[in-house]
Amino acid sequence: MPHEPKIVSGVEVTPLCDAVGAMGEAIRRPLPEMFPGSALPDEPWVLHFHCYLLRDWAGRLTLVDTGIGGPGSLASSWAPVPGTLPGELAAVGVAPADVDTVILTHLHSDHASGAVSDDGRPIFENARYVLQQAELDAAESATLDRVVTPLKAQLHVVDGDAEAAPGVRVHLTPGHTPGHQIARVGDLAVTGDLVLHPAQLADPAVRYVYDDDQERAAATRAAVLAELRAARALLATAHFADPFVRL
């Protein structure tokens, strides 16, 4: 079932748990190798795969990330498919056709595969899909074929900071991927993979082995977290057990 929502600047923010599980053998590494320099113990890393539903005062619905998708998705080689996002949405009275805007923080398979069904149809048929130009430019062929092309008519491509929906802005935060973005609503930030493990909150310099550009990701993380901490922001995280973290 979905986690309890929070109201931020008049917007109801509901965490939706698409899946819980460890990485599959295709990409799993010991935790100290996954986060070099962290001194984390060598123990299993159980990820929570969160998406976020934003409902504003007018009833408009924005979904941030779409999860890991069905049994045949690009995430199936390493993530615990199928994702349960459709059921999580149904539990809060939302059908896919009700969603007005989808923000994709980036195109990694655990964040974007749930946008398209296994037979190649856009799941959120009436939504605009907000994506950074830099992310589109860097997309791999499999992602272009399986995710981007089916969404082509619905893509809303932005370049840098932009309004994604009324009261919801996206901010370019490159490093994890070239066009990674976070979403902001008042003092809440939906962080995607800006931060993957709590160790990176304590020390933003801790690298993540699957960041596209580890140095840039660390610099971006440090700068953005410093800004958010100064604002005493609330984080809505993608992979922590508890979705909300107050800085």
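**Loops, salt bridges and backbone geometry in a predicted model**

T84 is placed in the loop between strand 4 (61-64) and helix 2 (85-91). The model described here is predicted. T84 is partly exposed, with a relative accessible area of 40%. That value lies between the cut-offs of 20% for buried and 50% for exposed, so T84 takes the middle class. The C-alpha atom of T84 is 23 Å from that of A142. Along the chain, T84 and A142 are 58 residues apart.

The loop between strand 4 and helix 2 also holds P82. A cis peptide bond joins V81 to P82. Its omega is about -5 degrees. D65 belongs to the loop between strand 4 and helix 2 as well. Phi of D65 is near 70 degrees. This is a positive value in a residue other than glycine. D65 has a relative accessible area of 3% and is therefore buried. Both backbone features stand out against a general background. Most residues other than glycine have a negative phi, and most peptide bonds are trans.

A positive phi is also found at R232, where the angle is near 50 degrees. R232, too, is a residue other than glycine. Its place is in the loop between helix 7 and strand 12 (234-236). Here the accessibility is 56%, so R232 counts as exposed. D65, by contrast, is buried.

Salt bridges were examined next. The structure holds 5 of them. Side chains of opposite charge can pair when their charged atoms come close. Three of the pairs are described here, beginning with E25 and R28. The side chains of E25 and R28 meet at 2.6 Å, N to O. E25 is exposed, because its relative accessibility is 64%. R28 reaches 40% and so counts as partly exposed.

A second pair joins D56 to R60. Their closest N and O atoms are 2.6 Å apart. D56 has a relative accessibility of 10%, so it counts as buried. R60 stands at 33% and is partly exposed. This salt bridge thus links a buried acidic residue to a partly exposed arginine.

A third pair is formed by D119 and R121. The closest N and O atoms of D119 and R121 are 3.2 Å apart. D119 is exposed at 54% relative accessibility. R121 has 49%. The cut-off for exposed is over 50%, so R121 falls in the partly exposed class.

Negative charge also gathers on the surface. E140, D212, D213 and E215 form a patch there. D212 is found in the loop between helix 6 (199-202) and helix 7 (214-230). Its relative accessibility is 51%, so D212 counts as exposed.

V209 is found in the loop between helix 6 and helix 7, too. V209 is buried, with a relative accessible area of 17%. This loop therefore holds an exposed residue, D212, and a buried one, V209. The C-alpha atoms of V209 and D187 are separated by 29 Å. Along the chain, V209 and D187 are 22 residues apart.

Another buried loop residue is Q154. Its place is between helix 5 (141-148) and strand 7 (155-158). The relative accessible area of Q154 is 17%. Buried means under 20%, so Q154 meets the cut-off. The side chain of Q154 has a polar atom 3.1 Å from the backbone oxygen of F124. The backbone oxygen of A127 lies 2.9 Å from a polar atom of the Q154 side chain. Q154 thus has side-chain contacts with the backbone of F124 and of A127.

G24 lies in the loop between strand 2 (11-22) and helix 1 (31-34). Its relative accessibility is 16%, so G24 counts as buried. G24 and T220 are 196 residues apart along the chain. Their C-alpha atoms are separated by 28 Å.

Technical notes: Residues numbered from 1 in each chain as written. Predicted model: local features only at pLDDT ≥ 70, side-chain atom pairs only at ≥ 80, totals over all residues. Heavy atoms only, no water. Patch = residues over 30% accessible without salt bridge, like charges linked within 9 Å, V, L, I, M, F, W, Y side chains within 5 Å. Areas by Shrake-Rupley, 256 points an atom, 1.4 Å probe, with all protein chains shown as cover. Salt bridge = Lys/Arg side-chain N within 4 Å of Asp/Glu carboxyl O. Lys, Arg positive; Asp, Glu negative; His and termini not counted. Charge placed at Lys NZ, Arg CZ, Asp CG, Glu CD. Helix = DSSP H or I, 4+ residues; strand = E, 2+ residues; numbered from the N terminus. Buried < 20%, exposed > 50% of the residue type's maximum accessible area, 1.4 Å probe, protein only. Polar contact = N/O pair within 3.5 Å; in protein donor to acceptor, adjacent residues only side chain to side chain.
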